[in-house]
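Load the model in your viewer and keep the sequence panel open. The stops below are given in the order in which to select them.

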Amino acid sequence: MSGLRSALAEAVTSIVRQPTRTLLCALGTVVAVGAFTTTNGLTESASNAVSSSFNELRATTVEFQGPSTLSEADVARLARLHGVRSAGLVWDVFQQQPLPVAVGPSSSGPSQTQLSITAMSSSALPAIGAVLSSGRFYDTGADLHHQMVALLGSGAASQLGISSSLGNPAINVFGIALTVVGIVSTSQQESQALLGVIVPPYVAGVIAGNRDPRRVIARTVPGAAQLIGRQGPAELDPYQPAQVTAEVPPNPTTQRAQVQASLSTLLHVLSLAGLGIGFLTIAAITIMSVAQRRSEIGLRRAVGYRRLEIARLIVLEAAGVGMLGGILGTSIGVLATAAIASNNHWTPVMNTTLVLAAPFLGVAVGVLAGSYPAIRAASITPMAALRA
Amino acid sequence: MSAARKPALQELLTLTGVGRTYPGSPPVHALRDATFSVGAGEVLGIVGRSGSGKSTLLNVLGLLDLPTSGDYRVDGQRVGSLSDREQTALRARFFGFVFQQSFLLGSLSAQENVELGLRPRRLRTGERRERAIEALAQVGLSHRRRFLPGEMSGGECQRVAIARALAQQPGVLLCDEPTGNLDERTSSEVLQTLTDNQAPDVAVVIVTHDMGIARTLPRLLSVRDGAVSEGAGEFLDAETLPGGGQP
């Protein structure tokens, strides 16, 4: 035990007293462990960022596409399914073809422009995550009572020079006068609707008839989107469910696993390459160091150091250098992860067990890389070494 | 120079027909049929031209190299029957070395260099330090004990190397051209250090090509083409022998 303590003290002295050699030798491990820690940190941070990007709205929204015969009664059946929070009917009037829109009840108003028209049932408005900047949404009653109302997207309002729905300004769409009840500022889904006019189904029928294919937007509880995507077509069109197609969000679990798998592969490749570089650097520099220290090794042998003690000293020095490299590499890796994650607006996430273990990885690299030079050093005869 | 020996001395090293042949084509017989002994407290000089085999003889004596023939006993133990580990232990316990180069480690102070020679002894740190300080005092370098080799002169470095050997308290002190790299004045000082600090029961063997130094030694062996003979022989009247600079 005292022998090991003495050898440790000698190894520490050698490492501390020759800082240039130590740092050169540690450089490879710094790179290796730094790469290992950074890639791991980035994997964790990126995975976390990927998870965040799967926001609740996207992960819980299912879009169905079906024929023009789909009605609000069909949507009501869908809305009764367990797991559906809300559902609404949406379609692009004249397939999003722009129609002339003028300010005022007359088609020859002061400001005229071409805008797309989107039909939406009142229940579709919350389903697309619409947010008002002015006024109110139209409700089911507006459709039932054939009220000629409309919502303007913020882009369309800006084009028409309408900044507020206060006083219910009138617009003329394709020759039909409509009252603007609100202005929609944002929509997480259907963002193109912000560039045009949003009307209830009845108004859409008046403008273009009921010939455009329908879409149904359904909001589900978290985790139900896949199931609703499978059950929805039969609810919307029980007789010809094949006419209805469902577009479900990617399964977050699968997607996350795929991203993590890709990043893990990258991690493993980079880490192994880094560790390989570290291993070779320590081995090469230790071999060079042993060659330079032949006379020292010869002297140690002459004064009574056994072969094992020489080997142990070389391995302990390499392990010490590996540990130093591991600590420096881990520190650099943590800082690099924090910097890169911060730059990408990710939350830096690191596996603490791995961070704590990284310096010992450096020790392992040092011990492995130092073993061959140590064996070579131990085989040097004192006579040959002292002649060098 | 007298080759007479004191018969009462305890024999520390005994060589009987010892030879060392290096394999090759043809093989090199660096040492042939050496038969002599070294007693406790003796001071012995070994002289010879370059390549004559005197350093081989010193290496064999100090267990840095092994004989290929004959019988060599150290303190009564037959060297040929010892394992590598036992030879290393015997070398650590019984021999102190002073080489032509001081072989001090540049990153260690004078005291730490002296302590290096004691590490295989498994001494307590305090005892190791005391013995190193004492050995440095013996060679007059107490005031330099914290100096690095690069901060000392060549003579001082060689005296640190002597202190390293003395601190080991060896039975035999083996010196291979200990003054080979030093000027005349420093050589005398180093030689004085060696002989002045010789404990009564410690044998000192000095390999030298400097006949001025050799003539001051009480017993001489001369080596010629690997053959060892008592006395300075043909080298007696020479000032220095050619090519003795390298061990």
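Start at Gly304(A), which lies just after helix 11 of chain A and takes a positive phi of about 120 degrees. Helices here (H or I, at least four residues) and strands (E, at least two) are DSSP runs, numbered from the N terminus. This is a predicted model, in which local features need pLDDT of at least 70 and side-chain atom pairs count only at pLDDT 80 or more, while totals for chains, interfaces and linings use all residues. Residues are numbered from 1 along each chain as its sequence is written, and chains are lettered from A and ligands numbered from 1 in the order in which they are written.

Step back into helix 11 of chain A. Select Glu296(A), Ile297(A), Gly298(A), Leu299(A), Arg300(A), Arg301(A) and Ala302(A), which are buried. Buried is used for a residue with 20 or more other C-beta atoms within 10 Å of its own, exposed for 12 or fewer, and partly exposed in between, with C-beta atoms placed from the backbone. Seven of the nine residues of the helix are buried, so helix 11 of chain A is largely enclosed by the rest of the structure.

Now select the whole of chain A. It has 14 helices and twelve strands, and 44% of its 388 residues count as buried. Two residues are in contact if their C-beta atoms, placed from the backbone, lie within 7 Å. Among contacts in chain A between residues at least 6 apart in sequence, 84% join residues at least 24 apart.

For a single example, go to Leu160(A) in helix 7 (residues 154-160) of chain A. Leu160(A) is buried, with 23 other C-beta atoms within 10 Å. Its C-alpha atom is separated by 7.3 Å from that of Thr113(A), 47 residues apart along the chain.

Next, show where the chains touch. How many residues does each chain bring to the contact? Chain A gives 17 residues and chain B gives 19 residues. On the side of chain A, helix 1 (2-17), helix 11 (294-302) and helix 14 (382-387) each supply at least two residues. The largest share of that side, five residues, comes from helix 1 of chain A. The side of chain A divides into seven nonpolar, seven polar and three charged residues. In this count Ala, Val, Leu, Ile, Met, Phe, Trp, Tyr, Cys and Pro are nonpolar, Asp, Glu, Lys and Arg charged, and the others, Gly among them, polar.

Switch to chain B, which has seven helices and ten strands. Buried residues make up 48% of its 247 residues. Select helix 4 (residues 125-138) and helix 5 (residues 154-167) of chain B, whose axes come within 8 Å and cross at roughly 130 degrees. The contact is made by Arg131(B), Ala132(B), Ala135(B), Leu136(B) and Gln138(B) of helix 4 and Ala163(B), Leu166(B) and Ala167(B) of helix 5.

Finally, centre on Ala163(B). Leaving aside its neighbours within four places in sequence, Ala163(B) is in contact with Val114(B), Ala135(B), Leu136(B), Gln138(B), Val139(B) and Leu141(B). The largest nonpolar core (a set of buried Ala, Val, Leu, Ile, Met, Phe, Trp, Tyr and Cys residues joined through C-beta atoms within 7 Å) has 109 residues, and those with the most contacts inside it are Ala163(B) and Val205(B). Helix 12 (residues 307-343) of chain A gives the most to this core, with twelve residues. Apart from it lies another core, of 54 residues, among them Val101(A), Ala119(A), Tyr138(A) and Leu152(A).

Note on methods: Axes fitted to C-alpha atoms, helices over the stretch in contact; angles between N-to-C directions.
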